[in-house]
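Please report on the strand pairing and the burial in this chain. Begin with a single residue and work outward from there.

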Amino acid sequence: MSQIRVTVHQRGEVVGDDVRRDDSLTAHCGVCDTQRPVVASLGATTACPDCLRARLDAISVARYQLRDDEPGLPWGKISG
């Protein structure tokens, strides 16, 4: 698996343990097509935290909807 690249707008980039400061870098989300404070690589494109979170939420919902009649919620018990 390739290393994750995180770009912080006008601050720099971190790839694994390599930190590169560069005030000229911009953090652009390739998913929602906007400039953001920070983005992470997804192969050839980048995604902001909001876009990543939306996709992770969709994964959780899809797993729940397509479960094999497993009882309960996939993310744990609700206590009361």
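Val38 is partly exposed in this predicted model. Its relative accessible area is 26%, so it falls between the 20% limit for buried and the 50% limit for exposed. Val38 lies in strand S6, which covers residues 38-42. Beyond four places in sequence, Val38 touches Val6, Thr7, Val8, Ala27, Cys48 and Pro49. The C-alpha atoms of Val38 and Gly12 are separated by 9.8 Å. Along the chain, these two residues are 26 positions apart.

**Strand pairing**

Strand S1 pairs with both S2 and S6. The table sets out the two pairings.

| Strand pair | Sense | Bridges | Opposed residues |
|---|---|---|---|
| S1 and S2 | antiparallel | 4 bridges | Thr7 and Glu13 |
| S1 and S6 | antiparallel | 3 bridges | Val6 and Ala40 |

S1 itself spans residues 5-8. S1 and S2 form a hairpin with 3 residues between the strands. In this hairpin, Gln10 takes a positive phi near 55 degrees.

**Glu13**

Glu13 sits in strand S2, residues 12-15. Is Glu13 buried or exposed? Its relative accessibility is 13%, so Glu13 counts as buried. Thr7 stands opposite Glu13. The side chains of these two residues also share a polar contact of 3.1 Å. Outside its neighbours within four places in sequence, Glu13 is in contact with Arg5, Val6, Thr7, Asp18, Val19, Arg20 and Leu25.

**Nonpolar core**

Which residues form the largest nonpolar core? It has 6 members: Ala27, Cys29, Val39, Ala47, Cys48 and Cys51. Cys48 touches Cys29 and Val39. Cys48 also reaches Cys32, Arg36 and Val38, again leaving out residues up to four places away in sequence. Val38 in turn touches the core members Ala27 and Cys48.

**The whole chain**

The secondary structure comes to 1 helix and 7 strands. Along the sequence, the order is β-β-β-β-β-β-β-α. Of the 80 residues in the chain, 18% are buried. The chain exposes about 6400 Å². Carbon and sulfur atoms supply 52% of that area. Among contacts with a separation of 6 or more, 21% come from residues 24 or more positions apart.

Terms used:
Residues are numbered from 1 along each chain as its sequence is written. This is a predicted model: local features need pLDDT of at least 70, side-chain atom pairs count only at pLDDT 80 or more; totals for chains, interfaces and linings use all residues. Side-chain values use heavy atoms; hydrogens and water are left out. Helices (H or I, at least four residues) and strands (E, at least two) are DSSP runs, numbered from the N terminus. Buried means under 20% relative accessible area, exposed over 50%, partly exposed in between (1.4 Å probe, protein chains only). A polar contact is a pair of N or O atoms within 3.5 Å; within protein, one must be able to donate a hydrogen and the other to accept it, and residues adjacent in sequence count only if both atoms are side-chain atoms. Contact means heavy atoms within 4.5 Å. Accessible areas come from the Shrake-Rupley method with a 1.4 Å probe; for residues, only the protein chains shown count as cover. A nonpolar core is a set of buried Ala, Val, Leu, Ile, Met, Phe, Trp, Tyr and Cys residues joined through side-chain atoms within 4.5 Å. Two strands pair if DSSP finds at least two bridges between them.
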